[in-house]
Protein chains: 2
Amino acid sequence: MKTIKDIARLSGFSTGTVSRVINNHPDVNPETRRKIEEIIAETGFQPNANAKFLKQTISSTITVIVKGIQNSFFETILEEMQKAFKENGEEVTVVFLDEAENEVTAAKQICSTRKPRGLIFLGGNTKEFAKNFASITVPSVLVTVDASQLGFENLSSFTTDDISGAKEAVGYLIRSGHRKIGIVGGSLEETNGQLSTFRLQGAQEILSRHQIPFSFEENYAPCRFSLEDGYMAGRELLRKNPDITGIFALSDLIAIGVVRAARDEGKRVPEDLSVIGYDGIEYVRYSVPRIATVRQDAAQLAKRSVEDLLMRVSYTRAAVHEKIPYTVIAGESVIHPKN
Amino acid sequence: MKTIKDIARLSGFSTGTVSRVINNHPDVNPETRRKIEEIIAETGFQPNANAKFLKQTISSTITVIVKGIQNSFFETILEEMQKAFKENGEEVTVVFLDEAENEVTAAKQICSTRKPRGLIFLGGNTKEFAKNFASITVPSVLVTVDASQLGFENLSSFTTDDISGAKEAVGYLIRSGHRKIGIVGGSLEETNGQLSTFRLQGAQEILSRHQIPFSFEENYAPCRFSLEDGYMAGRELLRKNPDITGIFALSDLIAIGVVRAARDEGKRVPEDLSVIGYDGIEYVRYSVPRIATVRQDAAQLAKRSVEDLLMRVSYTRAAVHEKIPYTVIAGESVIHPKN
DNA sequence: TGACACGCTGTAAACGATTACATATATTAT
DNA sequence: ATAATATATGTAATCGTTTACAGCGTGTCA
């Protein structure tokens, strides 16, 4: 591997000057710059980033930490973020964690390695943040999880109002004439974090407001946010309560599983069973039938997160906690029940 | 930020001893180790990874470079890889690149920064590799793209035999009685790399072997590997050639789009149109109808890649180029054409 | 002419770890 | 008792950059 010293020797200048060329410092003679750049190009020299970051207290990059790739919705947000960063000419690194890893510990590790100017967490567990985030000092943003209760002044959050969104989803079923409603997804023991809690809470609130009977025994099947789990839970629920005419799935992935489950239980969607999902992933627009959903605005979630972070990275501003509007998307999967 | 010197001072030992504790060197007095570890825990000290990698010629981690997250199939492979690495107690870093970025350039950058022991490329462009890979010296594996032609002795590859797989996919349609067959996906100008080339080639070969007419004008619609593009191309093909009874989609994502396109063109799948995809992503098992596909063995692809890499990282072995068996999965989306 | 500024370049001290080598002490063999 | 060996620890050079500081040639101005 070539080092800056080799370039210095080859070009006849000192390491200091070479370094100044690499980092585009202004006070270098244009002719000198040209010569050195030529040598750098010839040799294919790449400065050792470790030496660089060791010396520099901070790097120019921003790191996005994503927890759980299996979530299609996160993918979309991530793509939008990449776009937004690119528009702002920012360098980004993405780190993927699986469910078992601790996002805050990983973040600490990253801070010591990459010295990012800012951090974005896509998904996360509120308790973990409450416990460990204090030691992270760079401006950060938490996306899809509300951090306003946590009160860290360097942690913004951008979320969808899931309670309200869930209300509208179930409200959609109710307005379509459904009275026997089931819910699939999440868990009663809050391990899934805010998402399932809030969506479940919103759903229950609107049901009780309309005095529609709901019990966890009869109208609910818990499951993780995946196709397979949605399918299994869907079958379970439809078996134990075949009268249900409308199901609110806590995520689109679950909804897709439920639609298939209905089919395998001899029910047709939407003729025998209406289904509405949550998130607005791309699949639901292409499935047959198109599945109704509450579309979270991935683009805005991403855009606002990036904007806020870049702002706070450059200027001292207070962290913000913002709700991004959602849209209820009608779909072929919800109609008025037959009887 | 605390440094190793702080720990040395606080514990009364030297930096050398502290370093040995951190790196689990055997020749440290257990009592000393305990004391130092206590201080480390108290202070929350994290060693500066840049300093570490600057000094060390090589790190313990392995880096996976993924190009294009929008590809569901890659996600599955990635998950399987994470599993396989975990089983072997290996530390992994995943880096995501978007389509526009150059994987080999990124890899060079990573090598200079993280000094990985090995590299896995998930997806990639053969030409790029041919041109730039020479400067990468760590053991590497290229997954889903055949590198046997490239002849780098530190680059293995694990792939599915796409030519043969595509033959079987189309063969399945033919055996089911289809004679008017369309193909959706890829492009004629090889920009999509090997995948579309091989799959297209296999499809054409079996069609001509059965003397089934095929022309790019009448039986083909090119498109990128996404839902939306599959949908658009599907509609285009069905409009320009409504007689087609069976479609081979070059990927499952495209197949899903085609199924929806058929519906919107007034055709039902499978009654009016049979569709078979490629890859075997999870979704096709839950869609209505279940979509027939050629299932690539993501788990094996991942497992063998990881095994081979770990082997070559520790011992000097020649790179290998291995084909992983695929499975044709029957699905509700393919039946005998009506007339 | 001397003083000063300006533009460019060189020098060398950091940054925070690792590790080869030296050293000190305890243990064992002869 | 002496030498040899093993064990535990300290010392200091080193990795490849950045950057504060110094130096030098040239031009400008009083």
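**Protein–DNA and protein–protein contacts in the predicted complex**

Around DNA strand D stand 25 residues, of which A:Ile4, A:Ser19, B:Ser14, B:Thr32 and B:Lys55 come nearest; a residue is near a strand if one of its heavy atoms lies within 4 Å of it. Sugar and phosphate make up 65% of the atoms of DNA strand D that come within 4 Å of the protein. The complex is a predicted model, in which local features need pLDDT of at least 70 and side-chain atom pairs count only at pLDDT 80 or more, while totals for chains, interfaces and linings use all residues. Residues are numbered from 1 along each chain as its sequence is written, chains are lettered from A and ligands numbered from 1 in the order in which they are written, and side-chain values use heavy atoms, with hydrogens and water left out.

Polar contacts with DNA strand D (pairs of N or O atoms within 3.5 Å; within protein, one must be able to donate a hydrogen and the other to accept it, and residues adjacent in sequence count only if both atoms are side-chain atoms) reach both backbone and base. Phosphate oxygens of the strand lie 3.1 Å from a polar backbone atom of A:Asn48 and 3.0 Å from a polar backbone atom of B:Asn29. A base nitrogen, in turn, lies 2.9 Å from a side-chain N or O atom of B:Arg20. Helices H2 (15-22) and H4 (49-55) of chain A and of chain B each supply at least two residues of the surface near this strand, and H2(B) gives the largest share, four residues. Helices here are DSSP runs (H or I, at least four residues), as are strands (E, at least two), numbered from the N terminus.

DNA strand C is surrounded by 27 residues, with A:Ser14, A:Thr32, B:Ile4, B:Ser19 and B:Asn23 the closest. Sugar and phosphate again account for 65% of the atoms of DNA strand C within 4 Å of the protein. A phosphate oxygen of DNA strand C is 2.2 Å from a backbone N or O atom of B:Ile4, and a phosphate oxygen is 2.3 Å from a polar side-chain atom of B:Ser19. At B:Ala51, a backbone N or O atom is 3.3 Å from a base nitrogen of the strand.

Turning to the two protein chains, 42 residues of chain A are in contact (heavy atoms within 4.5 Å) with 45 residues of chain B. The chains bury about 4,100 Å² between them, 54% of it on carbon and sulfur atoms; buried area is the accessible area (1.4 Å probe) that two parts lose on being put together, summed over both. On the chain A side, A:Arg260, A:Tyr283 and A:Tyr286 lose the most area to chain B, together 19% of what that side buries. Four salt bridges (a side-chain nitrogen of Lys or Arg within 4 Å of a carboxyl oxygen of Asp or Glu) are counted between the chains. A salt bridge joins B:Asp264 to A:Arg290, with the closest N and O atoms 2.8 Å apart.

Within chain A, the domain assignment gives domain 1 (4-159 + 297-324) and domain 2 (162-295), with bounds from an automatic or database assignment. The C-alpha centres of these domains lie 38 Å apart. About 790 Å² is buried between domain 1 and domain 2 of chain A, 48% of it from carbon and sulfur atoms. A:Ser72, A:Phe73 and A:Asp297 supply 43% of the area that domain 1 buries against domain 2, more than any other three residues. Zero salt bridges are found across this domain interface.
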